[in-house]
Amino acid sequence: MKKYAYTISPELPAMFDGVKLAAVATVLYIIVRCLNLKSPTAPPDLTYQDTALNRFLLKSCSQLTKEYIPPLLWGKSGHLQTALYGKLGRVSSPNPSGIRKYLPMQDGATATFDLFEPLGDHRTGDDITMVICPGIGNHSEKQYIRTFVDYAQKDGYRCAVLNHLGALPNIELTSPRMFTYGCTWEFAAMVGYIKRTYPQTQLIVVGFSLGGNIVCKFLGENRTNQERVLCCVSVCQGYSALRAQETFLQWDQFRRFYNFLMADNMKKIILSHRHSLFGGNSVKMIDTDLSRLYTATSLMQIDDNIMRKFHGHSSLKEYYEKESCVHFIHNVHVPLLLVNAADDPLVHDSLLTIPRTLAAKKPNVIFALTLHGGHLGFFEGAVLFPQPLTWMDKVIVGYANTICQWEKQKPPCQSDLTKDHHQMGY
């Protein structure tokens with residue numbers, strides 16, 4: 001029997017090593033691209049007019065001019081920032097103690113908000129209340145809200161946080177209506193209560209995501225809504241639902257996937273109040289609307305079949321037109337800070353022309369665009385683990401402190417904006 005000797009060419013191990021090296025290089029390249037590791041850190045890109053107030057703000061509010069540094073390994077990915085916010089909210093979130101208030105509305109609905117007293121004196125010695133509107137389907141028990149409230153309380157602010165109508169799982173609706181994209185009724189009721197209960201207090205208005213749309217729309221709807229308001233801060237809103245609807249159907253930045261997830265969450269909220277919302281209607285109405293709700297895969301389908309009908313809008317276009325702050329925000333005359341992140345997967349870059357144009361035209365507006373932060377993420381940290389407080393928390397309180405300081409000092413060389421502001425009685 002013949003024996004055969006097999007010899008392995010010395011080139012084969014080198015070839016296998018080359019394949020392994022190429023595979024590792026490919027994986028590393030994908031990781032670097034997905035995590036956006038090569039992206040630089042930078043201060044926010046600011047759009048504003050050169051006024052005395054804005055110069056004072058940029059000098060005194062360091063968060064607007066210093067680099068925002070996210071966690072090194074994952075913080076430059078807008079998707080991971082957004083996912084961490086969506087899943088965890090915040091890290092090591094505190095539990096501020098507040099009192100829940102119930103306000104009956106004219107249509108039979110019951111608005112609720114949570115009131116948190118300050119944990120110390122404000123640095124100016126004044127009584128100042130932050131009136132806060134959370135994001136879509138959110139409320140005072142969300143971790144990002146709790147973290148921000150605790151931070152603001154410790155800086156001497158009273159905080160009033162609106163619970164969107166229908167968002168709290170343990171609070172039943174008392175009328176066949178829930179929160180919508182731009183309805184300001186509940187927020188107006190909360191602000192009215194604060195003004196009546198604390199006649200000496202001044203207001204800082206804060207809105208997150210959908211809440212940013214609501215607060216800007218509220219201030220712009222009526223000039224009297226701006227009375228006793230020192231300033232307003234809006235974070236991560238989209239400004240125009242009509243312009244945003246087409247972008248939400250695109251797969252760019254996985255926006256269509258986020259649309260599906262948010263629609264699924266809205267379905268759960270609506271179905272949890274099925275009896276209150278649909279119990280008094282006909283069987284035909286229940287069959288048609290609920291069957292469409294069950295099969296909906298986008299927010300637009302839910303808005304068209306359910307949400308727009310709460311206020312009698314004849315079409316989805318009319319609903320988005322009437323409930324978007326883009327048609328009201330130019331009427332806001334108090335200092336206004338608009339914050340967005342360039343890597344926010346929910347807010348398309350085309351929508352950012354709205355705040356950029358507004359800030360270029362109006363002296364009371366600053367538009368701050370960060371490179372990173374995702375949607376309501378803005379986590380800070382060294383390498384892997386984020387800090388409990390985010391850049392978003394710090395910039396809101398820092399901006400508010402600076403505005404309060406400006407109002408307290410009353411510099412003799414005030415900007416025309418501030419003079420006009422006081423002449424109009426705000």
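1. Before anything else, a definition: contact here means heavy atoms within 4.5 Å. With that in hand, isoleucine 270 touches Met178, Leu277, Phe278, Leu293, Ile302, Ile306 and Met307, if residues up to four places away in sequence are left out. Bear in mind throughout that this is a predicted model.

2. The overall picture. The protein chain holds 15 helices and nine strands. Of its 426 residues, 54% are buried. Take the contacts in the chain with a separation of 6 or more: 79% of them are between residues 24 or more positions apart.

3. Back to isoleucine 270 and its surroundings. Isoleucine 270 is among the residues with the most contacts inside the largest nonpolar core, together with Met178 and Phe187. That core has 73 residues. There is also a second, separate core, with 49 residues, including Met130, Val235, Ala368 and Ile396. As background, nonpolar side chains in soluble globular proteins tend to be buried together.

4. Now the aromatics. I get 12 aromatic pairs. One to look at is phenylalanine 187 with phenylalanine 218: the ring centres are 5.3 Å apart and the planes stand at 80 degrees, so this pair is edge-to-face. Phenylalanine 187 belongs to helix H5 (residues 185-197) and phenylalanine 218 to helix H6 (residues 210-221), so the pair ties together parts 31 residues apart in sequence. Are these two phenylalanines, 187 and 218, buried or exposed? Both are buried.

5. Still on rings, Tyr85, Tyr144, Phe148 and Phe208 make up one aromatic cluster. Two arginines are worth a click as well. Arginine 158 has its charged end over the ring of tyrosine 198, 3.7 Å from the centre. Arginine 90 lies over the face of phenylalanine 379, at 5.0 Å from the ring centre.

6. Helix H4 deserves its own point. H4 covers residues 143-154, 12 residues in total, and spans 17 Å from first C-alpha to last, close to the expected 16 Å. Nine of the 12 residues are buried, so "mostly covered" is a fair description of H4. Those buried are Tyr144, Ile145, Arg146, Thr147, Phe148, Val149, Asp150, Ala152 and Gln153. Note that Tyr144 and Phe148 also turn up in the aromatic cluster mentioned above.

7. What covers the buried residues of H4? The cover includes helices H3 (78-88) and H14 (391-409), along with strands S3 (110-116), S4 (128-133), S5 (158-163) and S6 (202-208). After H4 comes glycine 156, with a positive phi near 95 degrees.

8. On the other side of H4, look at serine 140, in the loop between S4 and H4. Serine 140 has a relative accessibility of 4%, so it counts as buried. Neighbours within four places in sequence aside, serine 140 contacts Arg100, Asp114, Ile145, Arg146, Val161 and Asn163. Of these, Ile145 and Arg146 are among the buried residues of H4. The C-alpha of serine 140 is 9.0 Å from that of alanine 160, which is 20 residues away along the chain.

9. Cysteines next. How many disulfides does a search of the whole structure find? Zero. For cysteine 232, the closest cysteine sulfur is that of cysteine 216, at 4.4 Å, which is too far for a bond; the cut-off used is 2.5 Å. Cysteine 232 is buried, at 0% relative accessibility. Cysteine 404 is in no disulfide either, and its nearest cysteine sulfur, in cysteine 231, is 6.5 Å away. Cysteine 404 has a relative accessible area of 3% and is buried too.

10. Finally, a couple of backbone spots to check by eye. Serine 209 is not a glycine, yet its phi is positive, near 55 degrees. Serine 209 sits in the loop between S6 and H6 and, at 12% relative accessibility, counts as buried. Arginine 228 is another non-glycine with a positive phi, about 70 degrees. Arginine 228 is in the loop between H6 and strand S7 (229-235). With a relative accessibility of 27%, arginine 228 counts as partly exposed.

Key. Residues numbered from 1 in each chain as written. Heavy atoms only, no water. Phe/Tyr/Trp six-rings, centres within 6.5 Å; stacked < 30°, edge-to-face > 60°. Helix = DSSP H or I, 4+ residues; strand = E, 2+ residues; numbered from the N terminus. Buried < 20%, exposed > 50% of the residue type's maximum accessible area, 1.4 Å probe, protein only. Lys NZ or Arg CZ within 6 Å of the ring centre and 35° of its normal. Expected span 1.5 Å × (residues − 1). Core = buried A, V, L, I, M, F, W, Y, C linked by side-chain atoms within 4.5 Å.
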